[in-house]
Amino acid sequence: EPIYSKYMLSFITEQFNLNLVEGVLRQRLLISIIKEILEDKGIIVIRNGDDLMIDGKKLSVSIATKSLTSILIHTGLNIISEGAPVKAAGLQSELGIHNIKDFALEVMRRYSEEIEDVILASTKVRGV
């Protein structure tokens, strides 16, 4: 199905040494972090897999796939909902988030810190 938004905030990541299941888990982690940040702003968000919904309207699109050498993740958030082919919510139009750059930087910072923390935590244990 075609997916369209006039203005969208896109997060695109390429990560190496992962299988597709790990890539989907990282995709879900990214979605969960976005949900957390929105909830910190008092916005009620429903997550269903890799979809974020606001009042029954779709805020996000996301896909994880595998290339020959990496995992690729794209997550897009509507900035405005106008013109979308489904009932959609937008960061600016419905949620009142106007500083998209600061929002994006916060998402990327939290995601990077979480991945780094997971890797660090995996080095603290001994095999049994």
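Q: In this predicted model, which element gives the most to the lining of the largest pocket?
A: Strand 1 does, with 5 residues. The elements that each give two or more residues to this lining are strand 1 (8-16), helix 1 (20-40) and helix 2 (100-122).

Q: What makes a residue part of the lining of a pocket?
A: A lining residue has an atom within 4 Å of a pocket point. Ser-10, Phe-11, Arg-26, Leu-30, Met-108 and Tyr-111 are among the residues that line the largest pocket, so each of them meets that cut-off. The pocket itself has a volume of about 220 Å³.

Q: How do you know which lining residues count as nonpolar, polar or charged?
A: Each amino acid type has a fixed class: Phe, Ile, Leu, Met and Tyr count as nonpolar, for example, and Arg as charged. Sorted this way, the lining of the largest pocket has 6 nonpolar, 4 polar and 1 charged.

Q: Why is helix 1 called oblique to helix 2?
A: Their axes come within 10 Å and cross at roughly 130°. An angle has to be over 145 degrees to count as roughly antiparallel, and 65 to 115 counts as roughly perpendicular. The crossing angle of roughly 130° fits neither class, and therefore helix 1 is oblique to helix 2. The crossing is right-handed.

Q: How do you know that helix 1 and helix 2 are in contact?
A: Contact means heavy atoms within 4.5 Å. Residues of helix 1 including Arg-26, Leu-30 and Ile-37 meet residues of helix 2, among them Phe-103, Tyr-111 and Ile-119. By class, this contact has 11 nonpolar, no polar and 6 charged residues.

Q: Where do the helices come in the order of elements?
A: From the N terminus on, the order is β-α-β-β-β-β-β-α. That is 2 helices and 6 strands in the protein.

How values were computed
Residues numbered from 1 in each chain as written. Predicted model: local features only at pLDDT ≥ 70, side-chain atom pairs only at ≥ 80, totals over all residues. Heavy atoms only, no water. 1 Å grid on protein atoms, 1.4 Å probe; cavity = no way out; pocket = protein on both sides within 12 Å on 5 of 7 lines; lining within 4 Å. Points joined across faces, edges and corners; volume = space filled by probe spheres on them. Helix = DSSP H or I, 4+ residues; strand = E, 2+ residues; numbered from the N terminus. Axes fitted to C-alpha atoms, helices over the stretch in contact; angles between N-to-C directions. Parallel < 35°, antiparallel > 145°, perpendicular 65-115°, else oblique. Left-handed = near helix turned anticlockwise from the far one by under 90°.
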